[in-house]
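Q: Please take a close look at one part of this model. Then go on from that part to the places that can be read in a similar way.

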Amino acid sequence: MRIGSELSRKDGRLKVTGSATYTADTQVPGLHYAVFATSAVASATIEALDTSGAERAPGVVYVMTHHNAPRLRPPAPGFGSMTFLPLQSDQIRYEGQPIALIVADSLERAMHAASLVRPSYAVRPAQMSMLERFGPDADAAVFDTLETVTQGYDEPDTRTGDPDAALGSAPVSLSRRYTMGFRHHNPMEPSATIASWDGDRLTLYDTTQHVWGVRSVVAEALGLAADDVRVVSLFLGGGFGCKGFVWPHEILTALAAREARRPVKLVLTRSQMYAACGYQSATVHDVALGASRDGRLVAVAHDVVYANAVPEAFPEYAAAGTRTVYACPAIATRHRVVKLNTIQPTAMRAPNEGMGNFALESAMDELAYELGMDPLELRLRNYAERDPTTGKPYSSKKLREAYHLGAERFGWSRRAPHPRAVRDGNDLVGYGMATALMTTYRFPSAARVRMRADGSVVVESGTQEIGTGVRTIMPQIAADRLGIDPQHVEIVLGDTTLPEAGGTFGSSSTMGVGSAVADAATKLRLAILRTAIADKASPLYEARLEDLEVHPDGAVTPRGSPTRRDAYAAVVARSGREAIEAEGSWAPGGDVLGTGDYAMYTFGAVFVDVRVEADFGITRVARCVGAYSAGRIINPKTARSQMTGGMIWGIGQALLEQSETDAELGRFVSKNLAGYLVPANADVGALEAYFVDEVDPHASPLGAKGIGELGATGVAAAIANAVYHATGVRVRDLPIRPELLLG
Amino acid sequence: MSAGSDYTGGGNLSPALLTTTSVTPDRRDEGVALSRHDFLAGAASWNARPPAGAGGMGGAGSRPPGTSFHRAEALGPEPARITLTVNGRRHDVIADPRATLLDTLRERIGLTGTKKGCDRGECGACTVHVNGRRILACMTLAVMHTADEITTIEGIAPDGQLHPVQAAFIEHDAFQCGYCTSGQIMSALALLDEIRRGEPSAATDDVTAPAVMLSEPEIRERMSGNLCRCSCYPQIVAAVRQAGDAVAEPSGAG
Ligand code: FES
Ligand code: FES
């Protein structure tokens, strides 16, 4: 039950009994309730704000508006928070922006008081149109008038070779526009913050994917030392990116608790979540491919337009995957932004590649039909052995094996070559496939591992449990390095009093935190064994370190001498210390992409079988098979759940999800789970996820890479390609709506 | 222009409207073990919630969930002392007449295992049992349940021994973050009872047949009122199926 074993979740019992403590479950004595009143307009100056009704309402102890809120230091421009903070001026920049914060002694009273706030605005026209400007007929020259976001961790534009010339002379070429709508993360747990002050020291219980980010941004905004802020996040009810950045409500709740002189809890409503913690921008992709008649790519060009909030700068590298996925001598990618009146967009599972992959993999499918070639064969023919943009070797890549494994498990060879060839009753049947791909992001992390005198082991790291299985795989990793059964190992996490770890985003925790835990556990093993051989009371006194062997129950013997026996627990007990502990850490070196001499990605091949109901155009994914090349898998059971979960995200992206906007009013209009459709149980067919055997020695000392976002790539394109195969209708705009498939 | 808070309707449609005119009523309403009439009635009471003191809130009395709120001696606007029976224990609480059962369980009684995902009947995270039937605790007021037996996730394994449904959820990895899990499990338990009682669903081929099989389409359909954004649906179906078989066997049913 160590690395590679199918250990059931160690926090399973807590989660199935309702005893896992999520942020809003935290019991704090004297807790008061904060509720926002928010702006119904998107761009305005507040001319008057009547809060008298709210102030007089029963139970209200504090009302904060831009008139009385103490001034905050806005976060510096950059990645991870917003420079614009509500309740600091009379300016409204997005619909849903808080205009008042009510604190009352009960939730019902706070909600009621918030409803009594009466603003009046001088309204300006809001900018909310995005896709409308880039319809199929839009002038390509619009692109050149747009801005570039240069603050980021990657290049907005890249160019190798001469794609324009190569496209001009290519025997076969195509140029297509693909679009995707706005999407919202919609974790089942709405964002929540509880702020509790003890003098000048602040404790924040917070729904965050990065307790350290919250600590530094909140401390900065309130003018506190980082050490005076403690951030706690024990269990997260999902995040998918929307809890990765630090948002205004987290800062404002801390401020309100200080001003109200009481502990305060704020839980965003589902509706408020659509304008409080980011979204995934709608994107427009212009993809051009040039190829020889035998299907070798000679040119790839991918231009992306995405949105940013008016004052902010968030980089979304939707064409990043296009830079590496296929061998080609001429590749160009560009990213431009349109400024909108919204909260800042942010990363959403899967960012970057998760969006651009749909466009490129759809275009590859179109090219395959143009060439009369099997879509899988076209991918294999353009298999990249080195990164085509940088020329670097891949740190590891077993995509070819993944293509073959996936194709075999799926039964791809049964595919009819022509579209609209197979029917099953009233269903049109189609097969589609796509390549999955995700950049590897890694963040420095630290951990401590302690062995107590009763033999129990505690891993401590300031990481977060968001559902990915950190509470399970970190004990597994520690147990593996210590040589014991993981049932003896627990983890304490989600607290800035613990060793600092990276954020739970970018599919990075297994590499960053996992490697730090492995390092600490390896050092702990050594420390305990050294203590034993130096201890006259130990049967192992003066044994050779290299000879020692640890057994799953924690017994230690020299190899081949089972009777000369000591035990981890006994060594700690004799040491007179409560516990023996060791600290470990790991950093990738370099910048966030810090991949040095290697190009570092995870890969996969996704195959789907769709059924399109002929009369109503309703698409169902009957089956989805994914085969992945993603480094060493620590726990196949939890890993498979991540991959199939990602597939369902792909189903949502392809068929259901879109935040509708009203360009006139400047707002998202479908701000609830009835208007914004996420997949439900009955939407999902058979899903299968497989991993090829792989160890990536460069990605992390564990040989592991990240998987959380990879599973959400490739699927939407495979579905769109299968829909074409089923119906002969090429849909280039997500989500695929039934009406697009009729007639 | 009023503030666009959720509670005024300022810039938002009313919760009841959005819920009952949901664009996918077939799947959102399914699995809620109330009749559609009861469901609408419950939603209407939610809609009628603010302002405080409007009256019309139900007093005590024996009734199935979601009904009879019209017959009332007015409660409020001041919070009132009520008694709720939860997991077999009586709790005296001060409840605002506007307080939902969900908020009362969580904020007053301290039973936080029941979760709030949407507060408007769209996600199933708040599923509890009232008199043995599943309901959405966000869609009903606490004061309507003073005569009812309420069961929450905390009440299904009182002696520390996991219920077979809970054990199957762990075995099949039927959750990731775990936030929807209480609601999923409460729905799964109710679903097994509904099947046992032979109650058909939209996935039932022959709604006049006396018995309903615990098939995968039935489970998918009846679990579709419980959203899981971590997207553990196939594992949930497998867990419910296994638990259903385990629960059915000892009693010799079928
Ligand atoms: S919280 Fe009750 S259904 Fe979502
Ligand atoms: S387990 Fe996370 S929402 Fe279901």
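A: Buried means under 20% relative accessible area, exposed over 50%, and partly exposed in between (1.4 Å probe, protein chains only). The model is predicted, so local features need pLDDT of at least 70 and side-chain atom pairs count only at pLDDT 80 or more, while totals for chains, interfaces and linings use all residues. Residues are numbered from 1 along each chain as its sequence is written, chains are lettered from A and ligands numbered from 1 in the order in which they are written, and side-chain values use heavy atoms, with hydrogens and water left out.

The part chosen is helix H3 of chain A, residues 107–114. Helices (H or I, at least four residues) and strands (E, at least two) are DSSP runs, numbered from the N terminus. H3(A) is mostly covered, with eight of its eight residues buried. These buried residues are A:Leu107, A:Glu108, A:Arg109, A:Ala110, A:Met111, A:His112, A:Ala113 and A:Ala114. What do the buried residues of H3(A) pack against? From chain A come strand S1 (32–38), helix H2 (52–56), strand S3 (60–64) and strand S5 (98–104). Chain B adds helix H4 (101–109) to that list.

That last partner leads to chain B. Chain B has eight helices and five strands, and along its sequence they follow the pattern α-α-α-β-β-α-β-β-β-α-α-α-α. Of the 254 residues in chain B, 61% are buried. Contact means heavy atoms within 4.5 Å. Among the contacts in chain B with a separation of 6 or more, 57% are between residues 24 or more positions apart.

In the loop between strand S2 (89–95) and H4 of chain B is B:Arg98. Is B:Arg98 buried or exposed? B:Arg98 counts as buried because its relative accessible area is 8%. The side chain of B:Arg98 also makes a polar contact of 2.8 Å with the side chain of B:Asp96. A polar contact is a pair of N or O atoms within 3.5 Å; within protein, one must be able to donate a hydrogen and the other to accept it, and residues adjacent in sequence count only if both atoms are side-chain atoms.

Chain A has a polar contact of this kind at A:Ser395, in the loop between helix H8 (375–381) and helix H9 (399–410). There the side chains of A:Ser395 and A:Asp696 are joined at 2.6 Å. A:Ser395 has a relative accessible area of 7% and is therefore buried. Beyond its neighbours within four places in sequence, A:Ser395 is in contact with A:Tyr598, A:Ala599, A:Met600, A:Asp696, A:Pro697, A:His698 and A:Lys705.

A:Ala682 brings the two chains together again. This residue is in the loop between strand S28 (667–668) and strand S29 (684–691) of chain A. Which residues does A:Ala682 contact, leaving aside its neighbours within four places in sequence? They are A:Arg620 from chain A, and B:Arg220, B:Glu221 and B:Ser224 from chain B. A:Ala682 and A:Arg620 are 62 residues apart along the chain, and their C-alpha atoms are separated by 9.9 Å. With a relative accessible area of 19%, A:Ala682 is buried.

The backbone of chain A deserves a look as well. Most residues other than glycine have a negative phi, and most peptide bonds are trans. A:Asn186, which is not a glycine, has a positive phi near 50°. Its place is the loop between strand S8 (172–180) and strand S9 (192–198) of chain A, and a relative accessible area of 4% makes A:Asn186 buried. A:Phe240, also not a glycine, has a positive phi of about 60°. A:Phe240 is in the loop between strand S11 (229–232) and helix H6 (248–260) of chain A, and is buried, at a relative accessible area of 14%.

Cis peptide bonds can be found in chain A too. One joins A:Arg349 and A:Ala350, with omega about -15°. A:Ala350 lies in the loop between strand S15 (331–340) and helix H7 (353–371) of chain A. Another cis peptide bond joins A:Leu734 and A:Pro735, where omega is about -5°. A:Pro735 is in the segment after strand S30 (733–734) of chain A.
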